[in-house]
Amino acid sequence: METSVLNINHAAFKKALLDTSIKKHQSVIDDFKNSIKEMIGSENEANQEDPDMSQQGFNSEQIHRANAVGDQVSFANKEMEILQNMLPTIEDINDTVKLGSVVVTDKDIFFVSTSIERMKVNGFSVFGLSTESPLYQVMKGKKHGETFSFKDAHYRIKELF
């Protein structure tokens, strides 16, 4: 039997990955919410002055930007829900690539969850991979030792848990 490539407790590592993912994601949500508050604050200050036509255009722009950020918050909240729903089963060890899997390839380490920028956990650099991503779609269902290709890159799964 092959020794663990990462030489770690898989269940504990997955739990640490999920905890880090939730913290990073909450930080993103908080940043979006703060942006909206700042935009609304700027709009309220502007409305206290005598409005003119150029000011109304500015307010419309601010409202449009706040709505766009609001859409991003909504999307981020849906992704946070996915992460929260993973909590009860995160320590399960997977033998195929699916939601909750850690996929160690010859090129990178992926945590199948939501789209999360690269993070360091227990000294390892891991990329959060959404189940909606094209890369996930080509690796979905693969097992240890199998290969897959995405664009010009070829990957071999060295470890899966």
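A residue counts as exposed when its relative accessible area is over 50%, and asparagine 7, at 65% relative accessibility, is therefore exposed. I should say at once that what we have on the screen is a predicted model.

Let me stay with asparagine 7 for a moment, which sits in the segment before helix H1. Its phi is near 55°, a positive value in a residue other than glycine, and that deserves a remark, since most residues other than glycine have a negative phi.

A positive phi also turns up in lysine 151, again near 55° and again in a residue other than glycine. Where does lysine 151 lie? Its place is in the loop between strands E5 and E6, and with 73% relative accessibility lysine 151 counts as exposed. The two strands around that loop, E5 with residues 147–150 and E6 with residues 153–160, run antiparallel and are joined by four bridges. Together E5 and E6 make a hairpin with two residues between them, and lysine 151 is in the turn. Within this pairing, phenylalanine 148 stands opposite tyrosine 155 of E6.

I turn now to charged pairs. Side chains of opposite charge can pair when their charged atoms come close. How many salt bridges does the structure hold? There are four, and I will go through some of them.

In one of them, the side chains of aspartate 19 and lysine 15 meet with 3.0 Å from N to O. Both residues belong to helix H1, which covers residues 10–47, and they are four residues apart, about one turn of the helix. Aspartate 19 has a relative accessibility of 28% and so counts as partly exposed, and for lysine 15 the value is likewise 28%, which again means partly exposed.

Another salt bridge links lysine 24 with glutamate 117, where the closest N and O atoms are 3.5 Å apart. Because lysine 24 lies in helix H1 and glutamate 117 in strand E3, residues 116–121, this pair ties together parts that are 93 residues apart in sequence. As for their surroundings, lysine 24 is partly exposed with a relative accessible area of 25%, whereas glutamate 117, at 59% relative accessibility, counts as exposed.

A further salt bridge is formed by aspartate 106 and lysine 107, and here the closest N and O atoms are 4.0 Å apart. Aspartate 106 is partly exposed at 41% relative accessibility, and lysine 107 is also partly exposed, with a relative accessible area of 49%.

Technical notes
Residues numbered from 1 in each chain as written. Predicted model: local features only at pLDDT ≥ 70, side-chain atom pairs only at ≥ 80, totals over all residues. Heavy atoms only, no water. Pairing = 2+ DSSP bridges. Buried < 20%, exposed > 50% of the residue type's maximum accessible area, 1.4 Å probe, protein only.
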